[in-house]
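Visitor: Please pick a single part of this model and look at it closely, then set it beside a few other places. I would like each term explained as it comes up.

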Amino acid sequence: MPEQPPAATAGAPPLVVVVGGGVSGLSAAWRLASAGVRVQVLEASPRLGGVLDRVEVGGVVVDTGAESVLARRPEAVELVRAVGLGEDLVHPETARASVRTEGALRPLPTGTVMGVPGSAAAVEGLLAPADVERVAAEPGLPAPPLDADVSVGDYVASRVGRAVVDRLVEPLLGGVYAGHAARLSLQATVPALWKHARAGGSLLEAVSAAAARPAATTPVFAGIRGGVSRLPEALAAAVEARGGTLRRSAPVTALTRTATGWRLQTPDGGVDADAVVLAVPAPVAARLLRGPVPAAATELAGVETASMVIAALAVPTGQLAGLAGSGVLVPPVVGRAEGLQVKALTLSANKWAWVAAQDPDVRVVRVSLGRARETAVLERDDADVLATAAADASLLLGRPLTAVAGSVTRWVDGLPQYAVGHVDRVARVRAAVAEAGALAVCGSVLDGVGVPACIAAADRAAADVLAALATSGGAAPG
């Protein structure tokens, strides 16, 4: 059995165990180790990084998880710099994507908020004339303030029509959450629109006013040369440099309260900790909390998750000659009508100079498949997935693609679905966990699925357990 560091004794720094070695858990561990406590990370899988990973396909390395972070939030960019990757921060060469509609590719309109336009003119050519007229009529509709959370689809459709939801909001929202607008919370997933809805007034005018504000000088997105998946690797090294320990293939099977802290059971024994941070997917957190914090477990068990598949296709460079833009989005309604199974594709070399520079003769098309409650794609073998990805990409790009290599990555239960009322659910989870003492939760199930949001939640979790330890004099209350 691996030797376990004991929980704090008189004069020794307290021990905090972080369950989960994705970017959330590693971020929390880094903050804790930097504060001077002893830290141990327990990761169930053989590798660290969670859904941040990369693959080499046809001699070209690409991310298979998030390939960028929102640069206008400070958390991720600041952390990248703090762990020594600042010189490798890069920005996309292009972020202009197209959307499939009426059998053709049309540029996504600019000046939108999650696909909601600021004017009817912005959607001319994308929507049918009657749908454009519906958008134009929005400022004249009654617009009382909302007093409760609603789904993104219901709110946007009530203001500018169902076509905007089907053709623009769905593919953008689905790209972030792998979900459906009719079931995703406006408050949790598009807070900018929620803030406006709470105040009332024309949605079109609010989006137009936002678009008219002076543009920020900071690029919207940032990546890391070599892949965003380098961030958890750098975090892991930084945690170890501060004395923390990282254990892979170490699933936690049970969590119980003790007189002085917590006991974490693992297949090869257990660990006694003064405090615990849970940085695991909602289903795992629900299972571990079922005994010690049943109220939080019940809330987390109610969070639906979505799975998705990333197929990376390496093709000869000449097959993509003349194609501009970062990629293509496929609205679900279009996918059903045209028999397309992919929901999006990215032209990786167009988007990232570091990808293009690796091999001038090979280009990678990154294809996404799968949304919430659509699990059939997970059950198909790799060859079938790659064949589907190549066929759909060929149709979307209007040319035959012959992959010289391919790779398939499955993210099972990788994206929590923020249902209506999610913000209140998270508040109840945090309140219940706080009552348990020296325990905190973080991860994509809470405040956002993007890397900056996960880091922010991890920072909060680390601060919460540090405060609990300080209040108890270095050990969790009994």
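Guide: What follows starts with one pair of helices, moves to the loop after one of them, and ends with a second pair and a hairpin. This is a predicted model, in which local features need pLDDT of at least 70 and side-chain atom pairs count only at pLDDT 80 or more, while totals for chains, interfaces and linings use all residues. Residues are numbered from 1 along each chain as its sequence is written, and side-chain values use heavy atoms, with hydrogens and water left out.

The part to look at is the packing of helix α11 (residues 294–301) on helix α16 (residues 422–436), whose axes come within 8 Å and cross at roughly 155°. Helices here are DSSP runs of H or I with at least four residues, strands are runs of E with at least two, and both are numbered from the N terminus. The axes are lines fitted to C-alpha atoms, for helices over the stretch in contact, with angles from 0 to 180 degrees between N-to-C directions. Because of that crossing angle, α11 is roughly antiparallel to α16 (under 35 degrees counts as roughly parallel, over 145 as roughly antiparallel, 65 to 115 as roughly perpendicular, and the rest as oblique). The crossing of α11 and α16 is also left-handed, a term used when the near helix is turned anticlockwise from the far one by less than a right angle, clockwise being right-handed.

At this crossing, Ala295, Ala296, Thr298, Glu299 and Leu300 of α11 are in contact with Arg425, Arg428, Val429, Ala432 and Val433 of α16, contact meaning heavy atoms within 4.5 Å. Sorted by class, the contact of α11 with α16 holds six nonpolar, one polar and three charged residues, where Ala, Val, Leu, Ile, Met, Phe, Trp, Tyr, Cys and Pro count as nonpolar, Asp, Glu, Lys and Arg as charged, and the others, Gly among them, as polar.

The loop between α11 and β15 (305–316) contains Glu304, which counts as partly exposed because its relative accessibility is 27% (buried is under 20% relative accessible area, exposed over 50%, and partly exposed in between, with a 1.4 Å probe and protein chains only). Leaving aside residues up to four places away in sequence, Glu304 touches Ala372, Arg373, Leu415, Pro416 and Gln417.

A second helix pair can be set beside this one: the axes of α1 (residues 23–34) and α9 (residues 230–241) come within 9 Å and cross at roughly 30°. That angle is why α1 is roughly parallel to α9, and the crossing of α1 and α9 is left-handed. Here Val23, Leu26, Ser27, Ala29 and Trp30 of α1 meet Leu231, Pro232, Leu235, Ala236, Ala238 and Val239 of α9, and the residues of this contact divide into 10 nonpolar, one polar and no charged.

The hairpin comes last. Strand β3 (residues 54–57) has alternating side chains, with Val55 and Val57 buried on one face, while Arg54 and Glu56 point to the other and are not buried. Four bridges join β3 to strand β4 (residues 60–63) in the antiparallel sense, two strands being paired if DSSP finds at least two bridges between them. Arg54 stands opposite Asp63 of β4, and between the two strands of the hairpin lie two residues, with Gly58 taking a positive phi near 60°.
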